[in-house]
Every structure is written in structure tokens, then in C-alpha cells.
Amino acid sequence: MSDGTHTVDVRGLTKVFGAGEGAVEALRGVDLQVARGEFVAVMGPSGSGKSTLLYLIGALDAPTAGTVSIDGVDLSRMDDNRLALLRRQRIGFVFQAFNLLDVLTAEENVSLPLVIDGVPEAEAARRAAESLGLVGMSGRRHHLPGQLSGGEQQRLAIARALVTRPLLLLADEPTGNLDSASSDQIMRLLCRLAEEHGQTILMVTHDARWAAAANRVIRLRDGRVADEQTLPPARAYPQVVRELESQL
Amino acid sequence: MRSAVARRIAERSTKLSFKHALLGLLAEGPLHGYELKTAYETELVPAGNLNFGQVYTTLERLNRDGLVSFEKVNQAERPDKKVYKLTSHGRRELKDWLTRPSTIDLDQRNSTFLKLMLARRLGGVDLMGVLAAERRACFERLHEVTRAKAQAQQAGAPVQSVLLLDLAVLTLEAFLKWLDRCEAALKQETDK
């Protein structure tokens, strides 16, 4: 943003589930800012609050205390209609489960969010094609999800999340159901979206390998930020390979 | 002395694999010393830097053990050169070595381990701080190698480069998991 507004600005975020003795504090005062075009990974063991954080940022749930602002607008000031619109149009979600509709083709799955919002058919088809191209799935546009591999289904889910040209892409363990090779591909895709298309991405993972693909890593522990690390720009691969070979 | 034994083991293990590297290169056809050095450095281990002494002493030993033989070739206005080739004994040794499982090298002399153990004993050192710094450094390295691997795949790098990066990625990942273990165990200890 030219005025310095963060795409995501989280202040003192607290979430308590339940009440009384059985209450569980999932988040205990988390601060987090994500700049436009940044690719941030949130890491932590299960139960550290990372998915809760993602859901609150995605306006899928409301905090007990603290604020979430998306593109400078405090979510608590939005009514349900505006929140629904925000979720549909400004935020793209990618989950571990792909949540694709089996009876629709790849292209129909991707254009669905636009069709629901009343975007004219031709325009929706054009943008779906563009989105499928971004994830390298143009050749599969007439396939049904059942005819695709796990990695392809996740790419399709990413294409669907991108079709609304969201301000923010939220990914919750996007490689959780994939083998190592497909996971590699998904991570390369996310890196490319951030680097070449300036897509802001917030990804939750418990896996260090995928977190290492991001520009910044936040570690949560017991509902708090335990550590935050900005990762330096990496050197070109031939240099790294040469160095590794010299150790053989 | 520990160091003498350790040195002998280290010498043997590196020489052994180097010996087999030379046998492997000769399996493709006769070569002289300089060609062997070049082939090793350009094809087998691209960044490996060999000195001639190492090549020639190894070839002498291989010849003494009957694994290679050589033929002297006359050169005009230059000293004769020796062209080495694999003997049938050498070919058998190479084949045996290729199919014999390696002893996995577990070098436990790790400076992170040493730092943690010393920080644990010494007062006035923030053990968890040391651990966090080690983790960050490891993570930066993982980031670099992960990015390099993505680049390598995108650029259609040769399979040996990608596999080497994979080895580094998985090693670093295992090291990070081990650091998590350290954190849990050492925290429990200090909390007591």
C-alpha cells in the first residue's frame, strides 16, 4: 500500500473457547502485521493457536479481545453482510481438504465464486481461464476433480481462491494431504504468486520445510508469538549447489 | 590417543571412497592421471578440488594392489605419461563396492550440541536464547536451500543437483526436529 497500510494488522488478538474452568485460551494477545506482497508462514505445534489465528484473520470467527484489520478496516466495525462480502471477494481460502464440487469441471469450480456474485458468464469464464493458467492447469480445465491427482486438485483449489483477485490468500496446511513431490509444487506455486504477482499470502503449517519457503516466519507457542524471523533473500541455486558439492 | 585412531579412520574412509571414485571413472575406459583429475572434478563431484599428489598416490596404491594397471605412452618433447586401466580384479572390486551397503557416516561432533551442553552447565548463559539462535540459523539455511531447490527445479537443473539439495533439505529438517526435542527436554529440566 502506498500509504503504508498493512494488508493484515492484528493487535492484541485473544480468543477464548468455552467459559469458566473449562475455558481454553487459544490465543493470548497476538500482534501481527503482514505487508502487501509478503508471504508469511505461521508455524507451531498443534494446539499452539495457529489455525485459530487464521480463522480470525479470515473473518470466519470473531475474537474475544483485540482487533483484526484487513487493508486498514477493522473487522469488528463491519456488519455481517460486509463480512460475508469481504470473505467472498477480498480473501481467498485454501484448506488442507480441497473442498471442490465433484460434479463440476475444473473450470466451473474455479468460476463458481464469480458466478455466485453475478459476474457475467463470459467474464467469469475469461477470469477462470486466467486463474487456471496461473496455477498451470489450463490443460485440465474440462476435467472433473475426481479425474485429477491430489496435487492438481489443490492447484485447482488455489485457482478458485485466486479468481476473485483477493487482497489476501489464507492457506491452512495446504500440503497436509499431499505427498512430498506435490507439496514441493504447491510451495513453488505459492512462492511464485508472491514474488511475481505480489500476492499477499498467510500460510499456516507445522512443517518447517514449507515454512522455509516464505519470506517471514512467525512461531506460535501456547497462543503467543514465541519468535519471529525475517528470512534473507536466498542466493541463486548454482551457488548453493556448488557450496554443497564442495562439502562432499 | 583418540586423535590418532580418529585420523586413521577418517583417512581410510575418505581414501576408500576416493579410490572407488577413480575405479569408477576408469571403468568407462583408460585415462591418464590428468584426465582422471579433470573427469572427477567436472563430472563426478563438480566442485571437488583434487591435488595431483592425491591422484598419483592413490593410483600407485591401486596398481600395487592389482586393481589397475598402466601403460607408458611416449610423448614428443615431454616426459612419458602413464595411461591407467582397470584390471578384472579392479572391476570386481568396483562392483562389490557398489553393491555393498555403506556404513552411514554419523558425525556427532556437532557444535550446536556442544553449545547447548555448555550453556546448560554454565551459569549466566541463556540456554533457551542459545537454542533459539541455533534454530534461527538453521531455519535461514533451510530457507536458502528450499529456495535453491525450487529454482533448480524451475530451471530444469540436472537431477544430481536436485538430489543433493534434497539431501541438504532433509538433513536440516531433521536437525530442526532434533532442536525441538532439545528444547522440550532442556525446558523440562530447568523447570524442575
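# A friendly tour of chains A and B

Modeller: Welcome! Chain B holds an open sheet of three strands, ordered S1-S3-S2, with antiparallel pairing. Please remember as we go that this is a predicted model.

Biologist: Which strands of that sheet are the edge strands?

Modeller: An edge strand pairs on one side only. In the order S1-S3-S2 of chain B, that description fits the two strands at the ends. They are strand S1 (31-32) and strand S2 (68-75) of chain B.

Biologist: Which residue stands opposite Leu31(B)?

Modeller: Start with the strands: S1(B) is joined to strand S3 (residues 78-86) of chain B by two bridges, and the two run antiparallel. Leu31(B) therefore has its opposite residue in S3(B), since two strands pair if DSSP finds at least two bridges between them. That residue is Tyr84(B).

Biologist: What pattern does chain B follow along the sequence?

Modeller: Chain B has seven helices and three strands. Put in sequence order, with α for a helix and β for a strand, they give α-β-α-α-β-β-α-α-α-α.

Biologist: What span is expected for helix H6 of chain B?

Modeller: This helix covers residues 127-154, which is 28 residues. From its first C-alpha to its last it reaches 41 Å. At 1.5 Å a residue, that is close to the expected 40 Å.

Biologist: And which residue with a positive phi follows H6(B)?

Modeller: Look just past the helix, where the phi in question is near 65 degrees. The residue is Gly156(B).

Biologist: Let's visit chain A. How many residues of strand S3 are buried there?

Modeller: Take the two faces of S3(A) in turn. On one side Phe39(A), Ala41(A) and Met43(A) are buried, and on the other so are Val40(A) and Val42(A). The strand, residues 39-43, is mostly covered, and its buried residues number five of five.

Biologist: Which residue of S9(A) stands opposite Val42(A)?

Modeller: S3(A) has parallel partners. Five bridges join it to strand S8 (residues 200-205) of chain A, where Val40(A) stands opposite Leu202(A). Four bridges join S3(A) to strand S9 (residues 216-221) of chain A. In S9(A), the residue opposite Val42(A) is Ile218(A).

Biologist: Now for where the chains meet. Which element gives the most to the side of chain A that touches chain B?

Modeller: The contact takes 23 residues from chain A and 29 residues from chain B. On the chain A side, the elements giving two or more residues are helix H6 (180-197), helix H7 (208-211), strand S10 (224-230) and helix H8 (237-246). The one that gives the most, with seven residues, is H8(A).

Biologist: How many residues on that side of chain A are nonpolar?

Modeller: Sorting the residues by class gives two polar and six charged. The nonpolar residues number 15.

Biologist: Are H8(A) and H7(B) roughly parallel or roughly perpendicular to each other?

Modeller: Two packed helices are described by the angle between their axes and the distance between them. H8(A) and helix H7 (residues 159-191) of chain B have axes 10 Å apart, at an angle of about 70 degrees. Angles of 65 to 115 degrees count as roughly perpendicular. H8(A) and H7(B) are therefore roughly perpendicular.

Biologist: How many nonpolar residues are in the contact of H8(A) with H7(B)?

Modeller: From H8(A) come Val241(A), Leu244(A) and Glu245(A), which meet Ser161(B), Leu164(B), Leu165(B) and Ala168(B) in H7(B). By class, one is polar, one is charged, and the nonpolar residues number five.

Terms used: Residues are numbered from 1 along each chain as its sequence is written. Chains are lettered from A and ligands numbered from 1 in the order in which they are written. This is a predicted model: local features need pLDDT of at least 70, side-chain atom pairs count only at pLDDT 80 or more; totals for chains, interfaces and linings use all residues. Two residues are in contact if their C-beta atoms, placed from the backbone, lie within 7 Å. Ala, Val, Leu, Ile, Met, Phe, Trp, Tyr, Cys and Pro count as nonpolar, Asp, Glu, Lys and Arg as charged, and the others, Gly among them, as polar. A residue is buried if 20 or more other C-beta atoms lie within 10 Å of its own, exposed if 12 or fewer, and partly exposed in between; C-beta atoms are placed from the backbone. The expected span of a helix is 1.5 Å times one less than its number of residues. Axes are lines fitted to C-alpha atoms, for helices over the stretch in contact, and angles run from 0 to 180 degrees between N-to-C directions. Angles under 35 degrees count as roughly parallel, over 145 as roughly antiparallel, 65 to 115 as roughly perpendicular and the rest as oblique.
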